[in-house]
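Work through the exercises below with the model open beside you. Try each task before reading its solution.

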Amino acid sequence: MYHISNRRYTGSKYKLLDWIEELILTHCEGDVFFDVFAGTGVVSDRMKKHYRRMIVNDFLFSNEIIYNGFFGDGEYREAVLADYKEKFRQFAEKDLPENYVSENFGGKYFSPKDAQLIGEIRETLASSKGVLSDREYAILLSSLIYSMDKVANTVGHYDAYRKIGTIADRFVFELIEPEQTDAGFTIYREDANELVKKVKADIAFIDPPYNSRQYSRFYHVLENIVQWKKPILEGTALKPPVENMSDYCRNSAPKVFADLIKNLDVRYIVVTYNNTYHSKSSSSRNKITLEEIREILEAKGSTEIFEKKHPCFNAGKTEFDDHKEFVFITETGT
């Protein structure tokens, strides 16, 4: 079964969890934890045992369904999940018709056979939505995402596929393992700057995108599968029409970040940041500098900065020297 951390995801904090957890527990207090840009959800997963209530937000459709699969409070029947797993695995033994996934992604992001399987499973889930509980649907769709991501012909995101000739058939449908927790989860898919005006918490954890790489474009295949609108795709990477773009990936990022911090109603703000601002790659170069973050946070309250050497995500075309991860912790006094 897949754990929530079993994804390839740019900027994931999985390898920094021990450090982040220790810093938060040492310097922050409270019962309500707000993961403002939750990404993979691994920080919320790690911190859930410490708090009475968890608030999780991300603007990607694929991340929202994953949170509901792992953390949702709805009922699910293990026997039903097992039946669907068996049904989906049996698809591999059948002659399947071409479908939206195989016609667009077969021989590119997945082998032709694997793409047929993915498309057939997605169609089956769409037609089964009325007989599944909301949690069962979220678990099964999340399981499809994880099973796809494990075999995708990419370097870890979907900005392009690898040009390698014949792609082996490797897809196997496997279930995620829903998390067991005493914490109450509230899950959002909203613009963070609007959401913070409506949410009150003790601790806000903030790990926004910092460079020009838009996550809705990086993970467009997963977004496409989850939304299942079957748009016409364009370009070499087979992307859908532009949507769900973040201002944190534009030059307006410092202004947007300042607005977010100003409107937060929390006792502690924890911000993670890495020093790719001077990267040789323009797409990797940060839109907000460390100094700008420091000034914005210090205007909100007393701020401490912690740093740790940490290797960065690198697809092989970018050089980073002395790469570090920073954590800012601000006590707002509210």
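The exercises go from the sheet to a helix packed on it, then to the cores and some single residues.

The model is predicted: local features need pLDDT of at least 70, side-chain atom pairs count only at pLDDT 80 or more, and totals for chains, interfaces and linings use all residues. Residues are numbered from 1 along each chain as its sequence is written, and side-chain values use heavy atoms, leaving out hydrogens and water.

**Exercise 1. The sheet**

Task: Give the strand order of the open sheet, and state which strands stand at its edges.

Solution. Start with the terms. Strands (E, at least two residues) and helices (H or I, at least four) are DSSP runs, numbered from the N terminus. Two strands pair if DSSP finds at least two bridges between them.

Step 1. Read off the order: seven strands run β3-β2-β1-β4-β5-β7-β6, with mixed pairing.

Step 2. Find the edges. β3 (184–188) and β6 (302–309) each have a single partner strand, so one side of each lacks a neighbour in the sheet.

Step 3. Check the twist. On average, neighbouring strands are turned by 15° against each other, direction ignored. Axes here are lines fitted to C-alpha atoms, for helices over the stretch in contact; angles run from 0 to 180 degrees between N-to-C directions.

**Exercise 2. Partners of one strand residue**

Task: Which residues are the bridge partners of F34 in β2 and in β4?

Solution. Step 1. Take the β2 side. Strand β1 (residues 32–35) is joined to β2 by four bridges, and the two run parallel. F34 has I55 as its bridge partner there.

Step 2. Take the β4 side. Three bridges join β1 to β4 (residues 203–206), again a parallel pair. In β4, F34 is partnered by A204.

Step 3. Ask how enclosed β2 is. Buried means under 20% relative accessible area, exposed over 50%, and partly exposed in between (1.4 Å probe, protein chains only). In β2 (residues 53–57), four of the five residues are buried, so the rest of the structure largely encloses this strand.

**Exercise 3. Helix α3**

Task: Describe the surroundings of α3, and state which residues make its contact with α10.

Solution. Step 1. Count burial. Eight of the 11 residues of α3 are buried, so the helix is largely enclosed by the rest of the structure. Among them are N63, I66, Y67 and F70.

Step 2. Name the cover. It includes α2 (42–47), β2, α7, β3 and α10.

Step 3. Look at the crossing. The axes of α3 (residues 61–71) and α10 (residues 220–227) come within 8 Å and cross at roughly 65°. From α3, F61, S62 and I65 take part; from α10, L222, E223, V226 and Q227. Contact means heavy atoms within 4.5 Å.

**Exercise 4. The nonpolar cores**

Task: Which residues touch the most other members of the largest nonpolar core, and which helix gives the largest share?

Solution. Step 1. Define the set. A nonpolar core is made of buried Ala, Val, Leu, Ile, Met, Phe, Trp, Tyr and Cys residues joined through side-chain atoms within 4.5 Å.

Step 2. List the hubs. The largest core has 78 residues; I24, F33, F110, L125, L144, M148 and F171 touch the most other members. Helix α7 (residues 134–151) gives the largest share, 10 residues.

Step 3. Note the separate set. A second core of 31 residues includes V32, V196, I206 and I293.

Step 4. Follow one hub. Beyond four places in sequence, L144 contacts I118, I121, R122, L125, F171, F173 and I225.

**Exercise 5. Single residues**

Task: Is K13 buried or exposed? Which residues does K13 touch?

Solution. Step 1. Locate K13: the segment before α1 (17–27). At 6% relative accessibility, K13 is buried.

Step 2. List its contacts. Not counting residues up to four places away in sequence, K13 touches I20, V42, V43, D207, T272 and E325.

Task: What is the sign of phi at K230 and at N244?

Solution. Step 1. Recall the background: most residues other than glycine have a negative phi.

Step 2. Read the values. Phi of K230 is near 55°, a positive value. N244 also has a positive phi, of about 55°.

Step 3. Place both. K230 lies in the loop between α10 and α11 (253–263), and N244 is found in that loop too. K230 is partly exposed at 36%; N244 is partly exposed at 26%.
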